[in-house]
Amino acid sequence: MIRHAKISEIDDILNITRACADKMIQMGIFQWNEHYPTKNAFLNDLKREELYIKQHHGKLIGAIVISTHMDDEYIPIKWLTENGNNTYIHRVCIAPSHQGLGFAQEMMDYAEAYSRTNGFDSVRLDTFSQNKRNQRFYEQRGYQRLGDIFFPKQSEHPFHCYELVL
């Protein structure tokens, strides 16, 4: 089941993101760290009603943000569709114990269906240039890579921006 998150679940979501960060670091992928993602980011997502969680057998195992807010970092990207009627995916995470079982696919299916149903033109996101697995994941779903942005607090390496036209 995928549904809106509750304030009482923020700590569980943070535990999952920390576990994901630890796993990525073990794999040599320095995408998430002590600066990102933060509790405040998730609280803002919750306030805007853009934070969703994935449950499996009643247990919270993942989260995703489906936002309509375009971050300033995205301004220089030459998107395929006009700005203003797009969703943005952020902070996708699945507990390491549940990775590789199709749950991230389910969450992206949900986000894309939500975007289509609500009349959005496209789904946009970014993923770390050193995370080849994520790049393949989005490219296999039909996302097109368009350009790079930087988040210096996270890494010296760029983040690739992707868009799926609906």
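Which helix does Y114 lie in? Let's work that out and then move on to pockets, a helix face and ring pairs. The model is predicted, so local features need pLDDT of at least 70, side-chain atom pairs count only at pLDDT 80 or more, and totals for chains, interfaces and linings use all residues. Residues are numbered from 1 along each chain as its sequence is written, and side-chain values use heavy atoms, with hydrogens and water left out.

**Exercise 1. Place Y114 and describe its surroundings.**

Step 1: Y114 lies in helix α3. Helices (H or I, at least four residues) and strands (E, at least two) are DSSP runs, numbered from the N terminus.

Step 2: Check the surface. Y114 is partly exposed, at a relative accessible area of 27%. The scale goes like this: buried is under 20% relative accessible area, exposed is over 50%, and partly exposed is in between (1.4 Å probe, protein chains only).

Step 3: Look for contacts (heavy atoms within 4.5 Å). Leaving aside neighbours within four places in sequence, Y114 touches Y52, I66, T87 and F120.

Step 4: Look at the rings. Y114 belongs to one aromatic cluster with Y52, Y110 and F120.

**Exercise 2. Work out which side of α2 is buried.**

Step 1: List the buried residues of α2: A41, F42, D45 and L46.

Step 2: Ask how they are spread. They cover an arc of only 140° around the axis, so they sit on the same side of α2. That arc is taken from the directions from the helix axis to the C-beta atoms.

Step 3: Find their partners. The buried residues of α2 pack against α1, β2 (51-56), β3 (59-67) and β4.

Step 4: Turn to the face pointing away from the buried side, and you'll find the exposed residues N40 and K47.

Step 5: Go past the end of the helix. α2 is followed by E49, which has a positive phi, near 60°.

**Exercise 3. Describe the two largest pockets.**

Step 1: Get the term straight. On a 1 Å grid over the protein atoms alone, where a 1.4 Å probe is used, a pocket is an open set of points with protein on both sides within 12 Å along at least five of seven lines; lining residues have an atom within 4 Å of a point. A volume is the space filled by probe spheres set on the points, which are joined across faces, edges and corners.

Step 2: Start with the largest pocket, which holds about 1200 Å³ of space. It has 45 lining residues, and Q31, W32, R91, V92 and N134 are the closest to its centre. β4 gives the largest share of this lining, six residues.

Step 3: Sort the lining of the largest pocket by class: 20 nonpolar, 16 polar and nine charged residues. Here Ala, Val, Leu, Ile, Met, Phe, Trp, Tyr, Cys and Pro count as nonpolar, Asp, Glu, Lys and Arg as charged, and the others, Gly among them, as polar.

Step 4: Do the second largest pocket, at about 150 Å³. Its lining has 13 residues, with T17, R18, N33, E34 and P37 nearest the centre. α1 supplies the largest share of that lining, six residues.

**Exercise 4. Classify two aromatic pairs.**

Step 1: Set the rule. Rings of Phe, Tyr and Trp (its six-membered ring) pair if their centres lie within 6.5 Å; planes under 30 degrees apart are stacked, over 60 edge-to-face, and the rest tilted. The structure holds eleven aromatic pairs.

Step 2: Y138 and Y143 are 5.7 Å apart centre to centre with 70° between the planes, an edge-to-face pair.

Step 3: F151 and F159 have ring centres 5.1 Å apart and planes at 85°, so this pair is edge-to-face. Both F151 and F159 are buried.
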